[in-house]
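Please open the structure in your viewer and keep the sequence panel beside it, since this tour moves from one selection to the next. At each stop you will be told what to select and what can be found there.

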Amino acid sequence: MNCVFPLIKKAIEEGNITVDDIAKSVGEDVVIIKEKLCGKEDFIINEAMTINVELFPDIPFKTLFSHYKKISYQVFLQNRAVCPKNRSSVGFWGSLLKFC
């Protein structure tokens with residue numbers, strides 16, 4: 001599985017946790033969780049917080065849900081300037097990669 005969250009990917013690869021464990025913790029289907037871990041869908045904040053608190057309590061939230069792709073803050077601001085002001089349909093995690 002091509003997981004965009006390095007620490008979660010490592011835990012799965014090492015056998016410390018399974019996608020099924022993650023799905024059960026948030027009450028979601030395994031297929032949907034796989035899509036979210038691959039970056040095809042966004043986790044809602046409640047799901048991400050539940051995963052963090054129940055399965056990775058020793059890892060800070062921001063660290064656990066860091067993506068492989070890092071975006072410089074300056075590039076983010078430059079691209080954000082060309083986005084429509086009142087666009088609210090983009091998820092929190094998606095906005096970091098899509099800029100708007």
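In which helix is Glu47 found? Select Glu47, and you will see that this residue is found in helix α4. Before going further, please keep in mind that what you have on the screen is a predicted model.

**Stop 1: Glu47 and its partner**

With Glu47 still selected, look at how far it is covered: its relative accessibility is 8%, and since buried means under 20%, Glu47 counts as buried. Now display the residues around it, leaving aside neighbours within four places in sequence, and you will find Glu47 in contact with Val26, Glu28, Lys36 and Asp42. Of these, please pick out Lys36, because the side chains of Glu47 and Lys36 meet in a salt bridge, with 2.7 Å from N to O. This pair links distant parts of the chain, with Glu47 in helix α4 and Lys36 in helix α3, 11 residues apart.

Move the selection to Lys36, whose place is in helix α3, residues 30–37. Is Lys36 buried or exposed? Lys36 is buried, with a relative accessible area of 8%. Not counting residues up to four places away in sequence, Lys36 touches Phe5, Glu28, Glu41, Asp42, Phe43 and Glu47, and its side chain also makes a polar contact with the side chain of Glu47, at 2.7 Å.

**Stop 2: The two sides of α4**

Next, select the whole of helix α4, residues 45–55, and colour its buried residues, which are Glu47, Ala48, Ile51 and Asn52. These residues cover an arc of only 130° around the axis, which puts them on the same side of α4. If you then turn to the other side of α4, you will find Asn46, Val53 and Glu54, which are exposed.

**Stop 3: Helix α2**

Now select α2, residues 19–26, and colour Val19, Ile22, Ala23, Ser25 and Val26, which are buried. Why can these residues be said to line one face of the helix? Seen down the axis of α2, its buried residues fall within an arc of 160°, so they line one face of the helix. To see what covers the buried residues of α2, show the helices around them, including α1, α3 and α4. Just beyond the helix, select Gly27, which follows α2 and has a positive phi, near 70°.

**Stop 4: The largest nonpolar core**

In soluble globular proteins, nonpolar side chains tend to be buried together. To look for such a group here, select Phe5, Ile8, Ile33, Leu37, Phe43 and Phe65, which, of the 18 residues in the largest nonpolar core, touch the most other members. The helices α1, α2, α3 and α4 each supply at least two residues of this core, and α2 gives the most to it, with four residues.

Leu37 deserves a selection of its own, so that its contacts can be followed. Not counting residues up to four places away in sequence, Leu37 touches Met1, Asn2, Cys3, Val4, Phe5, Ile8, Ile12, Val19, Ile22 and Phe43.

**Stop 5: The other salt bridges**

How many salt bridges does the structure hold? The structure holds three salt bridges, and one of them is the pair of Glu47 and Lys36 that you have already visited.

For another, select Glu13 and Lys9, which form a salt bridge with their closest N and O atoms 3.9 Å apart. Both residues lie in helix α1, four residues apart, about one turn of the helix, and Glu13 is exposed, with a relative accessible area of 58%.

Then select Lys24 and Asp20, whose salt bridge has its closest N and O atoms 3.2 Å apart. Being four residues apart in helix α2, Lys24 and Asp20 are separated by about one helical turn. Lys24 counts as exposed at 61% relative accessibility, whereas Asp20 is partly exposed, with a relative accessible area of 33%.

**Stop 6: The whole chain**

Finally, clear the selection and show the whole protein chain, which has seven helices and zero strands. Of its 100 residues, buried ones make up 29%. If you switch to a surface display, the chain exposes about 6,800 Å², of which carbon and sulfur atoms supply 54%. Among the contacts in the chain with a separation of 6 or more, 53% are accounted for by residues 24 or more positions apart.

Note on methods. Residues numbered from 1 in each chain as written. Predicted model: local features only at pLDDT ≥ 70, side-chain atom pairs only at ≥ 80, totals over all residues. Heavy atoms only, no water. Buried < 20%, exposed > 50% of the residue type's maximum accessible area, 1.4 Å probe, protein only. Arc of directions from axis to C-beta. Polar contact = N/O pair within 3.5 Å; in protein donor to acceptor, adjacent residues only side chain to side chain. Contact = heavy atoms within 4.5 Å. Core = buried A, V, L, I, M, F, W, Y, C linked by side-chain atoms within 4.5 Å. Salt bridge = Lys/Arg side-chain N within 4 Å of Asp/Glu carboxyl O. Areas by Shrake-Rupley, 256 points an atom, 1.4 Å probe, with all protein chains shown as cover.
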